[in-house]
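Biologist: I'm new to this one and would like a close look at a single part of it, chain B. Could you walk me through that chain, and then tell me how the other chain relates to it?

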Amino acid sequence: MSSSSLRTMLAQAAVRGVAEARATIFGHVLNPTGQRSAHKILRKSFIGEKVVSWYPNDIQREDPTVVARKEQERLSKLEMLKRRGKGPPKKGHGKRAAKRNK
Amino acid sequence: MSDKRNIQDQKRRLLAEKYELRRKLYKAFSKDTDLPNDVREKNRCKLSALPRNSSFTRVMNRCVFTGRAHSVYQMFRVSRIVFRELASKGLLHGVKKASW
């Protein structure tokens, strides 16, 4: 019936008016047609700080004596292996490099 | 804790944080349908010119103790193996074996 369609039109107009008023009061971004908008990307908050603070600070890294000691241990281990003849091969002589060069 | 992979991942995190704002801006501009097409193209080029390691998708939540990339829980930042060890020792507050 035309009266019911008139009523629905009035109701829709009222709802739209209310939505627009609410948007102007609170500063919302309206998109009644549902088109693609960049607002979706812009409204999310930043996550950079949370991402950067994943790994905790290693206090052993701040103490120079500990760092030096560890480096010394690594070098002495390397020297031991070299003395036995088990150190890393020269560049271009390893298993993979030899296969590639052949 | 000082794995080579953890260090690389930390580098990516720092880069991602540094370029975050710029990245969001370029992406938003290039996806806005109301802008003229050449502006969108320009912003798309700018977005692709940013370093690859500044993308958040390249960041991987590794285990803080072992550097394992899979099965790492965000709540504890450790992999399942380390989680089991710590929880069995009682070092994780409020975590106990489930039984119901």
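Modeller: Here is a walk through chain B, followed by its partner and a few residues worth finding on screen.

A word on the ground rules. This is a predicted model, so to speak of local features we ask for pLDDT of at least 70, and side-chain atom pairs count only at pLDDT 80 or more, while totals for chains, interfaces and linings use all residues. Residues are numbered from 1 along each chain as its sequence is written, chains are lettered from A and ligands numbered from 1 in the order in which they are written, and side-chain values use heavy atoms, with hydrogens and water left out.

Let's start with the layout. Chain B has four helices and two strands; these are DSSP runs, numbered from the N terminus, with helices being H or I of at least four residues and strands being E of at least two. Read from the N terminus, the order in chain B is α-α-α-β-β-α. Its radius of gyration is 20 Å, well over the 13 Å that the globule rule gives for 100 residues, so chain B is more spread out than a compact globule. (That radius is taken over C-alpha atoms, and the rule is 2.2 Å times the number of residues to the power 0.38.) Along the principal axes, the C-alpha trace of chain B spans about 60 × 35 × 20 Å.

Of the 100 residues in chain B, 28% are buried. Here buried means under 20% relative accessible area, exposed means over 50%, and partly exposed is in between, with a 1.4 Å probe and protein chains only. Take the contacts in chain B with a separation of 6 or more: 41% of them join residues 24 or more positions apart. A contact means heavy atoms within 4.5 Å. As for the outside, chain B has an accessible surface of about 7,600 Å², and 52% of that belongs to carbon and sulfur atoms. Those areas come from the Shrake-Rupley method with a 1.4 Å probe.

On charge, chain B carries 25 positive and 9 negative side chains, and the centres of the two sets are 10 Å apart. Lys and Arg count as positive and Asp and Glu as negative, leaving out His and the chain ends; each charge is placed at NZ of Lys, CZ of Arg, CG of Asp or CD of Glu.

Now for some residues to click on. B:Asn43 sits in helix α3 of chain B and counts as buried at 8% relative accessibility. Leaving aside neighbours within four places in sequence, B:Asn43 is in contact with B:Tyr26, B:Phe29 and B:Ser30.

Next, the backbone. Most residues other than glycine have a negative phi. B:Ser71 has a positive phi, near 55°; this residue is in the loop between α3 (37-49) and β1 (72-73) of chain B, and is partly exposed at 36% relative accessibility. B:Arg77 also has a positive phi, near 60°. Look for B:Arg77 in the loop between β1 and β2 (78-79) of chain B, where it is partly exposed with a relative accessible area of 30%.

Then there's the partner. Chain A has five helices and zero strands. Its radius of gyration is 35 Å, where a compact globule of 102 residues would be near 13 Å, and its C-alpha atoms fill a box of roughly 100 × 45 × 20 Å along the principal axes. Buried residues make up 12% of the 102 residues in chain A.

Where the chains meet, 17 residues from chain A and 25 residues from chain B take part. The area buried between them is about 2,000 Å², with carbon and sulfur atoms giving 65%; buried area is the accessible area (1.4 Å probe) that two parts lose on being put together, summed over both. On the chain A side, A:Ile41, A:Trp54 and A:Tyr55 lose the most area to chain B, together 39% of what that side buries.

To see the meeting from chain B, find B:Glu20 in helix α2 (residues 20-31). B:Glu20 is buried, with a relative accessible area of 9%. Beyond neighbours within four places in sequence, B:Glu20 is in contact with A:Phe46, A:Ile47 and A:Gly48, as well as B:Phe56 in its own chain.
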